[in-house]
Amino acid sequence: MIIAEGKPIKEILAMIDGYDKIIVAGCKGCVTVCSAGGEKEVSILSSALRLARQTQGRSLEIKEVTLERQCDTEYLEPMREYADQYPAILSLACGAGIQFVAEKFRKHPVLPGVNTQFIGVTEEQGVWTERCQSCGNCMLDRTGGICVEQIQRLRKIEGVHGIHLMAIEWEDAVHTIVERAGLLPRPEAK
Ligand code: SF4
Ligand code: SF4
């Protein structure tokens, strides 16, 4: 799934500053699982935005919706019924969903309410790890299920000087992984 996290409320307030009526649109897909843009987050964020506006002495009308998915036209269409009554849409979907809403609702500024982070998995409650760079040429069948693209990305992180490959019953894949990750030739031991 795609992992995202909510933008800071200050940033969102600045983005919606010119609007007194907005749609806050969540997504029941990935961003619900990672607690960034589901029904609960739509409700919490909307309350926080209303409150913040009240303290500024300004009103803010919000239509709260959480769509099945924002990356699928079928689920975006129902928003047309009321979209014209709101001059802007704040989307809490991932970047793909936000772009798709912007493409389908061209008259509306579509504002991002979350920062999309990566494609990953849930390790445990509240902990997500990156697993795929969407490289377009998956070779996990040849690398024992270990993503070479991930290793290449890890190499670029300052302070990382090595990785530990545990190829239990996949020893044959080690050479392919090391080669494709650009780790050959082996450095000289000093
Ligand atoms: S719009 Fe993004 S977050 Fe929502 S289901 Fe599609 S890929 Fe997942
Ligand atoms: S090789 Fe890695 S980055 Fe490429 S598609 Fe497969 S898992 Fe994703």
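I began with helix 6, where the buried residues are Gly97, Ile98, Phe100 and Val101. These residues span an arc of only 165° around the axis, and therefore they sit on the same side of helix 6. I kept in mind that an α-helix has 3.6 residues a turn, so residues three or four places apart point the same way. I then asked myself which elements the buried residues of helix 6 pack against, and I found strand 2 (21-27), helix 4 (73-76), strand 4 (88-91) and strand 5 (110-112). I note here that the model I am reading is a predicted one.

Next I turned to ligand 1, since helix 6 (95-104) supplies at least two residues of its shell, as does helix 2 (30-33). The residues I listed around ligand 1 are Ile2, Cys27, Gly29, Cys30, Val31, Arg69, Gln70, Cys71, Ala93, Cys94, Ala96 and Gly97. Gly97 thus enters my notes twice, as one of the buried residues of helix 6 and as one of the residues around ligand 1. Sorted by class, the shell around ligand 1 comes to 8 nonpolar, 3 polar and 1 charged residues.

For ligand 2 I wrote down Cys132, Gln133, Ser134, Cys135, Cys138, Met139, Leu140, Cys147 and Glu149 as the surrounding residues. By class, I have 6 nonpolar, 2 polar and 1 charged residues in the shell around ligand 2.

I then looked up how the protein is divided, and the assignment gives domain 1 (2-118) and domain 2 (133-180). How far apart are the centres of domain 1 and domain 2? Taken over C-alpha atoms, the separation between the two centres is 37 Å.

For the overall dimensions, I noted that the protein has a radius of gyration of 21 Å, whereas a compact globule of 190 residues would have one near 16 Å. Along the principal axes, the C-alpha atoms fill a box of roughly 65 × 35 × 30 Å. I counted 8 helices and 7 strands in the protein, and buried residues make up 27% of its 190 residues. Of the contacts between residues at least 6 apart in sequence, 59% join residues at least 24 apart.

My last entry concerns Arg186, which I located in the segment after helix 8 (171-180). Is Arg186 buried or exposed? Arg186 counts as exposed because it has 7 C-beta neighbours inside 10 Å, where the cut-off for exposed is 12 or fewer. I also checked Arg186 against Ile157: the two are 29 residues apart in sequence, and their C-alpha atoms are 19 Å apart in space.

Note on methods:
Residues numbered from 1 in each chain as written. Chains lettered and ligands numbered in written order. Predicted model: local features only at pLDDT ≥ 70, side-chain atom pairs only at ≥ 80, totals over all residues. Near = placed C-beta within 6 Å. Helix = DSSP H or I, 4+ residues; strand = E, 2+ residues; numbered from the N terminus. Nonpolar A, V, L, I, M, F, W, Y, C, P; charged D, E, K, R; others polar. Buried ≥ 20, exposed ≤ 12 C-beta atoms within 10 Å, placed from the backbone. Arc of directions from axis to C-beta. Contact = placed C-beta atoms within 7 Å. Domains from an automatic or database assignment. Rg over C-alpha atoms; globule rule 2.2 N^0.38 Å.
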